[in-house]
Amino acid sequence: MATEIERKFLVISEVPGGRSSEMVQGYLSQDPERTIRVRIDDERAFLTIKGKAVGITRAEFEYEVPVADAREMLALATGFPIRKTRIRVQEGDHLWEVDVFHDLNEGLVVAEVELESENEELVLPAWVGEEVTADVRYLNACLSRKPFREWTDEPA
């Protein structure tokens with residue numbers, strides 16, 4: 001089975017330059033047991049199915065789809081579209097994906113890193129701050145329903 005083991009952190013300072021792309025994504029299903037997402041990443045598009053997380057691990061299946069089909073699927077998505085710039089930064093043995101959110105999520109900058117195992121040792125770059133892996137508000141699916149600009153100081 002395909003799995004994703006991922007940790008998520010807030011970004012607290014300038015991120016080193018890296019390869020970037022523009023993304024728009026939407027959710028076709030946000031069932032608590034699974035999500036189905038469609039994403040256009042520059043000139044490529046993907047349909048992704050993710051299972052419910054157990055710890056920081058969950059099933060993930062991703063398939064490339066034609067961009068024209070992805071645009072039509074985005075029109076079927078629930079909630080608000082997520083628009084972001086993704087910057088990929090190599091730090092040591094890990095590739096960090098830094099998402100700079102736009103539109104209703106403007107002001108939010110999050111760094112994600114995929115790991116080989118839940119127990120893998122991770123050295124945090126100086127620009128990485130508080131870990132928010134367990135805070136569901138930072139899930140992109142949640143950001144499509146309750147954008148960052150609508151948050152109060154109270155946790156979800």
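Are E60 and K50 buried or exposed? In this predicted model, E60 is buried, and K50 is buried as well. Their side chains meet in a salt bridge, with an N to O distance of 3.4 Å. The pair links distant parts of the chain. E60 sits in strand β5 (residues 57-65) and K50 in strand β4 (residues 44-51), ten residues apart.

Salt bridges recur elsewhere in the model. A search of the whole structure finds 16 of them. In general, side chains of opposite charge can pair when their charged atoms come close. One of the pairs joins R7 and E131, at 2.7 Å from N to O. R7 lies in strand β1 and E131 in strand β9, so this salt bridge ties together parts that are 124 residues apart in sequence. The two partners differ in burial class. R7 has a relative accessible area of 19%, under the 20% limit, and therefore counts as buried. E131 is partly exposed, because its relative accessibility is 35%.

Strand β1 also takes part in a salt bridge with strand β8. Here the side chains of E112 and K8 meet at 3.2 Å, N to O. E112 belongs to strand β8 and K8 to strand β1, so the contact ties together parts 104 residues apart in sequence. Both E112 and K8 are buried. The pair also belongs to a network. Salt bridges that share partners join K8, K84, R86, E97, D99 and E112.

E6 presents a contrasting case. This residue is placed in strand β1 (residues 3-11). E6 is buried yet has no salt bridge. The nearest side chain of opposite charge is that of R58, 4.6 Å away. A salt bridge requires the charged atoms to be within 4 Å, so R58 is out of range for E6. Beyond its neighbours within four places in sequence, E6 is in contact with I56, E112, V113, E114 and T133. E112, one of these contacts, is the salt-bridge partner of K8.

Several of these residues reappear at the largest pocket. About 1,100 Å³ of space lies in this pocket. It is lined by 44 residues, and the closest to its centre are E4, E6, K50, R58 and L139. Thus E6 and R58 are both in this central group, as is K50, the salt-bridge partner of E60. By class, the lining has 22 charged, 13 nonpolar and nine polar residues.

Attention turns next to backbone geometry. Most residues other than glycine have a negative phi. D42 has a positive phi of about 55° although it is not a glycine. D42 is placed in the loop between β3 (34-41) and β4. It counts as partly exposed because its relative accessibility is 38%. D103 likewise has a positive phi, of about 60°, and is not a glycine. This residue is found in the loop between β7 (94-101) and β8. D103 is partly exposed, with a relative accessible area of 39%.

The loop between β8 (109-114) and β9 (128-131) holds A126. A126 counts as exposed, because its relative accessibility is 73%. A126 and V11 are 115 residues apart in sequence, but their C-alpha atoms are 9.3 Å apart in space. Leaving aside neighbours within four places in sequence, A126 is in contact with I12 and S13.

E91 shows a separation of another kind. This residue is found in strand β6 (residues 78-91). E91 is partly exposed, at 27% relative accessibility. The C-alpha atoms of E91 and A75 are separated by 36 Å, although the two residues are 16 apart along the chain. Outside its neighbours within four places in sequence, E91 is in contact with P16, W96, P125 and W127.

D69 lies in helix α1 (residues 67-74). D69 counts as partly exposed, because its relative accessibility is 38%. D69 and F46 are 23 residues apart along the chain, and their C-alpha atoms are separated by 9.8 Å.

Terms used
Residues are numbered from 1 along each chain as its sequence is written. This is a predicted model: local features need pLDDT of at least 70, side-chain atom pairs count only at pLDDT 80 or more; totals for chains, interfaces and linings use all residues. Side-chain values use heavy atoms; hydrogens and water are left out. Helices (H or I, at least four residues) and strands (E, at least two) are DSSP runs, numbered from the N terminus. Buried means under 20% relative accessible area, exposed over 50%, partly exposed in between (1.4 Å probe, protein chains only). Lys and Arg count as positive and Asp and Glu as negative; His and the chain ends are not counted. Contact means heavy atoms within 4.5 Å. On a 1 Å grid over the protein atoms alone, a cavity is a set of points where a 1.4 Å probe fits but cannot get out, and a pocket is an open set with protein on both sides within 12 Å along at least five of seven lines; lining residues have an atom within 4 Å of a point. Grid points are joined across faces, edges and corners, and a volume is the space filled by probe spheres set on the points. Ala, Val, Leu, Ile, Met, Phe, Trp, Tyr, Cys and Pro count as nonpolar, Asp, Glu, Lys and Arg as charged, and the others, Gly among them, as polar.
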